[in-house]
Amino acid sequence: LAFTTSTAFAQDDASVAKAYENAAQGLKAFDEDRPAEALSRFSAAYAIMKLPSIALFMARAEAKLGHLVAAADLCDQALHLEDGMGDPEVQSRAREQAKLEREAVEQRIPRLFATVLGAPEDAVIIRIDSAPVAMNALRTGVPLDPGIHAIGAQSGNQTREIQVTLL
């Protein structure tokens, strides 16, 4: 993880120094297999400096925590970020690595498929973990992290809920 400074950004020296410190501490925590702490540190650095290298390490920490959907999203972010204050070679390598890791993470993300029986689809509200989900998303598969998820369906005053475990 490498950075260079630039006056092209309106960030003060103290903020940039704090971002460097958080990124370094995040890398140390990641190397010591403390992904939750690493994610927290990288997130603090990312709030100041949105660099592909930081997004990539955040994605790696999310993946270690089992948050594969967030990891894939962060890899996507890394692919589209500018070099900013970072070393252009390091940021370019981070984007290349993010593309590879995005593909690998995507293969590990389970998808939930569902259909509605016994009621018109437009009369049913489907929720996954309390969040509404469009029926067309269920037909193509909703990407979810591995683990237990609550699936609910409501039509009028009738409600059904089940729990599913995705591996």
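Reader: Which residue forms a salt bridge with R34, and how far apart are the closest N and O atoms?
Author: Side chains of opposite charge can pair when their charged atoms come close. A salt bridge here is a side-chain nitrogen of Lys or Arg within 4 Å of a carboxyl oxygen of Asp or Glu. R34 meets this rule with E37, the closest N and O atoms being apart by 2.3 Å.

Reader: Which pLDDT do side-chain atom pairs need in order to count?
Author: Residues are numbered from 1 along each chain as its sequence is written, and side-chain values use heavy atoms, with hydrogens and water left out. This is a predicted model in which totals for chains, interfaces and linings use all residues, local features need pLDDT of at least 70, and side-chain atom pairs count only at pLDDT 80 or more.

Reader: Are R34 and E37 buried, exposed or partly exposed?
Author: Buried means under 20% relative accessible area and exposed means over 50%, with partly exposed in between (1.4 Å probe, protein chains only). R34 has 29% relative accessibility, and E37 has a relative accessible area of 32%. Because these values fall between the two limits, R34 and E37 are both partly exposed.

Reader: Which residues are linked with R34 and E37 in a network of salt bridges?
Author: K28 forms a salt bridge with E32, with 2.8 Å between the closest N and O atoms. K28 is partly exposed at 48% relative accessibility, and E32 is partly exposed at 41%. The residues that share the network with R34 and E37 are K28 and E32.

Reader: Which helices does the salt bridge of R102 and D76 link?
Author: The closest N and O atoms of R102 and D76 are 2.9 Å apart, and D76 is partly exposed at 25% relative accessible area. Helices (H or I, at least four residues) and strands (E, at least two) are DSSP runs, numbered from the N terminus. The two residues are 26 apart and link distant parts of the chain, with R102 in α5 and D76 in α4.

Reader: How many salt bridges are there by this rule?
Author: The pairs of K28 with E32 and R102 with D76 are among them. The count by this rule is 11.

Reader: Which helix gives the most to the largest nonpolar core?
Author: A nonpolar core is a set of buried Ala, Val, Leu, Ile, Met, Phe, Trp, Tyr and Cys residues joined through side-chain atoms within 4.5 Å. The largest has 32 residues, and F30, F42, Y46, M49, I54, M58 and V105 have the most contacts inside it. The elements giving two or more residues to this core are α1 (13-31), α2 (35-48), α3 (52-64), α4 (68-80) and α5 (88-108). With eight residues, the element that gives the most is α3.

Reader: Which residues does the second, separate core include?
Author: This core has 13 residues. Those it includes are M135, V142, L144 and L166.

Reader: What covers the buried residues of α3?
Author: Of the 13 residues of α3, 11 are buried, so the helix is largely enclosed by the rest of the structure. Among them are I54, F57, M58 and E62. Contact means heavy atoms within 4.5 Å, and what covers these residues includes α1, α2, α4 and α5.

Reader: How far apart are the end C-alpha atoms of α3?
Author: The expected span of a helix is 1.5 Å times one less than its number of residues. For the 13 residues of α3, this gives 18 Å. The end C-alpha atoms agree with that expectation, being apart by 18 Å.

Reader: What positive phi does D33 have although it is not a glycine?
Author: Most residues other than glycine have a negative phi, and most peptide bonds are trans. D33 is placed in the loop between α1 and α2, where it counts as exposed at 52% relative accessibility. Its phi is positive, at about 60 degrees.

Reader: What positive phi does S130 have although it is not a glycine?
Author: S130 lies in the loop between β2 (125-128) and β3 (131-133). S130 is exposed, with a relative accessible area of 63%. Its positive phi is about 75 degrees.

Reader: Which strands stand at the edges of the open sheet?
Author: Two strands pair if DSSP finds at least two bridges between them. Four strands form the open sheet in the order β3-β2-β5-β6, with antiparallel pairing. Each edge strand has a single partner, so one side of it is left without a neighbour in the sheet; these strands are β3 and β6 (158-166).

Reader: How many bridges join β5 to β6?
Author: Strand β5 (residues 147-155) runs antiparallel to β6. G152 stands opposite E161 in β6. The number of bridges that join β5 to β6 is nine.
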